[in-house]
Amino acid sequence: MVKTINAQGIKSPNAAILADNVIKNRDDAGEEIRFLLSPGAEAGMDAVARKHGYELEITPSGSLTEARMMPTGTTMREIDVRGDFCPGPVITVGNILATLPAGERVKVIAASEDTLDDIAMAVKSSGSVIAGRGTDGEQHFLIAEKAEKQESVTAVMSKDRVVIAQSSGIGNAERAYATFLFSQVALSMGKKVTIFLLMDGAGIGKKGNAAGVKHPAFERLDLLMDEVIKAGATVYVCELSAKFRGIGPESLVDGVRLAGAATYLELLSNPANAVVNF
Amino acid sequence: MEITYQVIALAVMFSGIVSGFITFRMLGMKLAPHFGALILALLATIAAILTGNIAVAYGAALLQVAAALTAYTQMWTTLKYSFQTSPGYAPHLALVTMLPVLALAGILL
């Protein structure tokens, strides 16, 4: 169980005195307590933590500083999803988060930033938050904090983002061209464009493949794709589809990244996105 | 040299026109070398059947092999990464694969 104390606006050393009193009067000795503080107010918190046998973890949380006091001996749960690929990591993290009470955290170690992006997308979509993220040597990690999902009703006045899902690949030149020609049009209209290459579409993202697609009326496909990426479109290749075809992250076209199923589902379910399928 | 196989090859090439048209439309200009080889093979095969000339028939057989080879070299990348769209061009590949077999049969049998 995690108790959250909002102490923003209270300066040092008053914040430490408040923390001392809160811990003295806590209901449960094993309770974890999180203080939300104004920046700089964390001074003296380490002494309070030592006094009561707690471990202190200070992390920035938006415009605030978060001081998390955990009883000594308790450690944050860690999940290592290196060696696993989409959709495995997202499912593993989702299942663990579902069992945690609100406020609990879990550290996820992944093989790549792309996998973490996908996990972060799924965590946020489930209503939880990303409390931290970073790199430790060759390890990429994020800290997910369980929060209850808030139901919200959002009115979308205009769809200013376009998601183009391409599943035909270089086996259908017309659809491959349409993906990037539509992207150019959407970009020229000031829309944010995300292209998701999945199934056969994943083949377009491999270096050299698009260079083999040329119609007399249009620019060569790889040059067209390069123009679209440089103009600001985000291009993802489905990790699962890439794996299916033996395409690794090292063989992708520059500017193209791997993404998992969570990213795709989030793009589809976001009401601000207009979705086009090719 | 057995000219009967050239007749069968001609039938295969004619029957490949529709699937070839669709494949060409799907894959675009990368199939231009295959299209060129196929047209030449078709003309040489007709000439071999009409004249009965062995030298022309050998030339036709070579062009038939070239037509099959160019189909595979030009379509290999597509075959490697595109599974969902493969039914669109698989019939044409199946037909052109018969050509080198018939060409060899015509020469060896």
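This is a short selection-by-selection tour of a predicted model, starting with chain B, crossing its interface with chain A and ending at salt bridges in chain A.

**Stop 1: chain B by itself**

Select chain B and switch to cartoon. You'll find four helices and zero strands, so to speak an α-α-α-α pattern if you trace along the sequence. Colour by burial next: of the 109 residues in chain B, 41% are buried. Now turn on the contacts and keep those with a sequence separation of 6 or more; 78% of them join residues 24 or more positions apart. Put a surface on chain B and you are looking at about 5400 Å² of accessible area, with 79% of that belonging to carbon and sulfur atoms.

**Stop 2: where chain B meets chain A**

Bring chain A back and select the residues in contact across the two chains. You should pick up 13 residues from chain B and 18 residues from chain A. Together the chains bury about 1300 Å², and 55% of that is on carbon and sulfur atoms.

Which parts of chain B touch chain A? Select α1 (4-27) and α3 (54-81) of chain B: each supplies at least two residues to the side that touches chain A. The largest share, three residues, comes from α3(B). Colour that side of chain B by residue class and you get six nonpolar, six polar and one charged residues.

How many salt bridges run between chain B and chain A? The count is zero. Polar contacts do turn up, though: seven residue pairs across this interface, with both partners at pLDDT 80 or more.

**Stop 3: a buried pair in chain A**

Over all chains the count comes to 18 salt bridges, so to find the next few, show side chains in chain A. Begin with A:R68 and A:E66, whose side chains meet in a salt bridge at 3.5 Å, N to O. Buried or exposed? A:R68 is buried, with a relative accessible area of 2%, and A:E66 is buried too, at 3%.

Keep those two selected and add A:R34, A:E57, A:R105 and A:E145. With A:E66 and A:R68, these residues are linked in a network of salt bridges.

**Stop 4: helix to strand**

Jump to A:D117 and A:R257. Their side chains form a salt bridge at 2.3 Å, N to O. A:D117 is in helix α4 (residues 113-125) of chain A and A:R257 in strand β12 (residues 256-259), so you are viewing a link between distant parts of the chain, 140 residues apart. Check the burial colouring here: A:D117 is partly exposed at 24% relative accessibility, and A:R257 is partly exposed at 32%.

**Stop 5: loop to loop**

Last selection: A:R245 and A:D200, which meet through their side chains in a salt bridge at 2.8 Å, N to O. Where do the two residues sit? A:R245 lies in the loop between α7 (239-244) and β12 of chain A, while A:D200 lies in the loop between β10 (192-197) and α6 (221-230), so the pair ties together parts that are 45 residues apart in sequence. A:R245 counts as buried at 8% relative accessibility, and A:D200 counts as buried at 0%.

How values were computed. Residues numbered from 1 in each chain as written. Chains lettered and ligands numbered in written order. Predicted model: local features only at pLDDT ≥ 70, side-chain atom pairs only at ≥ 80, totals over all residues. Heavy atoms only, no water. Contact = heavy atoms within 4.5 Å. Buried area = accessible area lost by both parts, 1.4 Å probe. Salt bridge = Lys/Arg side-chain N within 4 Å of Asp/Glu carboxyl O. Polar contact = N/O pair within 3.5 Å; in protein donor to acceptor, adjacent residues only side chain to side chain. Nonpolar A, V, L, I, M, F, W, Y, C, P; charged D, E, K, R; others polar. Buried < 20%, exposed > 50% of the residue type's maximum accessible area, 1.4 Å probe, protein only. Areas by Shrake-Rupley, 256 points an atom, 1.4 Å probe, with all protein chains shown as cover.
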